[in-house]
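Dear colleague,

I am passing on the structure we spoke about, so that you can have it open while you read. My notes follow below, and I would be glad if you could go through them alongside the model.

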Amino acid sequence: MKSDDKKRAKPGREGEDEAVPVRRAPSMLLAAAWLVPGLGHWILGRRARALVFFGVILSAFVTGVLLNGEMGTPKPQNPFSWLATFACLGNGVLYLVRIVWINGVSQLVSGFPFGLSGGGSPSAAGFAYGNTFLYTGGLMNLLAVLDASDIARGEKD
């Protein structure tokens, strides 16, 4: 079944259901929105919203790094580390650049996905706060991707 063939029920005025085709957001738009915070909104012409998302997410990321937060990396002995990895990976290119900065390209290739260092310093006073900022920035970016998807599909103004 093609995606164009899928229908969604939309309630009519008198309780009748009317079939409306389901629209999908372009994959490249979603990838761009994930890679660079705010880029999806920028492409859709929502410039002010794009700048706000970029500023907030970048600020959260930089604050997390400056507070010696640890980038989430998967650890075989800790299954919950995958959740931290997912949250941090939401930062897009910021996460990727930081991981390469910490580990180098050779370690990234040989140690993937386990064996990567997330940086940070557990003995630092701001370590837990830094982690929280890094996770929050990534999760905010993922929410921004969903928002861009809703706008692209016409679900939201």
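Helices here are DSSP runs of H or I with at least four residues, strands are runs of E with at least two, and both are numbered from the N terminus. Counted in this way, the protein chain holds 6 helices and 2 strands, and along the sequence they come in the order β-β-α-α-α-α-α-α. Please keep in mind throughout that this is a predicted model.

**The chain as a whole**

Of the 157 residues in the protein chain, 32% are buried. The accessible surface amounts to about 9700 Å², and carbon and sulfur atoms account for 64% of that surface. When contacts between residues at least 6 apart in sequence are considered, 63% of them join residues that are at least 24 apart.

**Helix α3**

The 20 residues of α3 should span 28 Å at 1.5 Å a residue, and the C-alpha atoms at its ends are indeed 28 Å apart, so the expected and the computed span agree. The buried residues of this helix are Ala-50, Ile-57, Ala-60, Phe-61 and Gly-64. These buried residues lie on the same side of α3, because they cover an arc of only 115° around its axis. As background, residues three or four places apart in an α-helix point the same way, because there are 3.6 residues a turn. On the face of α3 turned away from the buried side you will find the exposed residues Ala-48, Leu-51, Val-52 and Leu-66. After α3 comes Asn-68, which has a positive phi, near 65°.

**Salt bridges**

The whole structure contains 4 salt bridges. One of them pairs Asp-147 with Arg-49, whose closest N and O atoms are 3.0 Å apart. This pair links distant parts of the chain, since Asp-147 belongs to helix α6 (residues 127-152) and Arg-49 to helix α3 (residues 47-66), with their positions 98 residues apart in the sequence. Asp-147 has a relative accessibility of 9% and therefore counts as buried, the limit being under 20%. Arg-49, by contrast, is partly exposed, with a relative accessible area of 32%.

Asp-147 also meets the side chain of Lys-156 in a salt bridge, at 2.4 Å from N to O, and Lys-156 is partly exposed at 36% relative accessibility. Arg-49, Asp-147 and Lys-156 are thus linked in a network of salt bridges.

A further salt bridge joins Arg-153 to Asp-150, with 2.5 Å between the closest N and O atoms. Here Arg-153 is partly exposed at 22% relative accessibility, and Asp-150 is partly exposed as well, with a relative accessible area of 25%.

**A buried arginine to look at**

Which side chain of opposite charge is nearest to the buried Arg-98, and how many Å away is it? The nearest one is that of Glu-70, 10 Å away, and Arg-98 has no salt bridge although it is buried. A salt bridge would require a side-chain nitrogen within 4 Å of a carboxyl oxygen, which means that the distance to Glu-70 does not qualify. Arg-98 sits in helix α5 (residues 93-111). Leaving aside residues up to four places away in sequence, Arg-98 touches Phe-61, Val-65 and Met-71, and Phe-61 is one of the buried residues of α3 listed above.

With best regards

Key. Residues numbered from 1 in each chain as written. Predicted model: local features only at pLDDT ≥ 70, side-chain atom pairs only at ≥ 80, totals over all residues. Heavy atoms only, no water. Buried < 20%, exposed > 50% of the residue type's maximum accessible area, 1.4 Å probe, protein only. Contact = heavy atoms within 4.5 Å. Areas by Shrake-Rupley, 256 points an atom, 1.4 Å probe, with all protein chains shown as cover. Lys, Arg positive; Asp, Glu negative; His and termini not counted. Expected span 1.5 Å × (residues − 1). Arc of directions from axis to C-beta.
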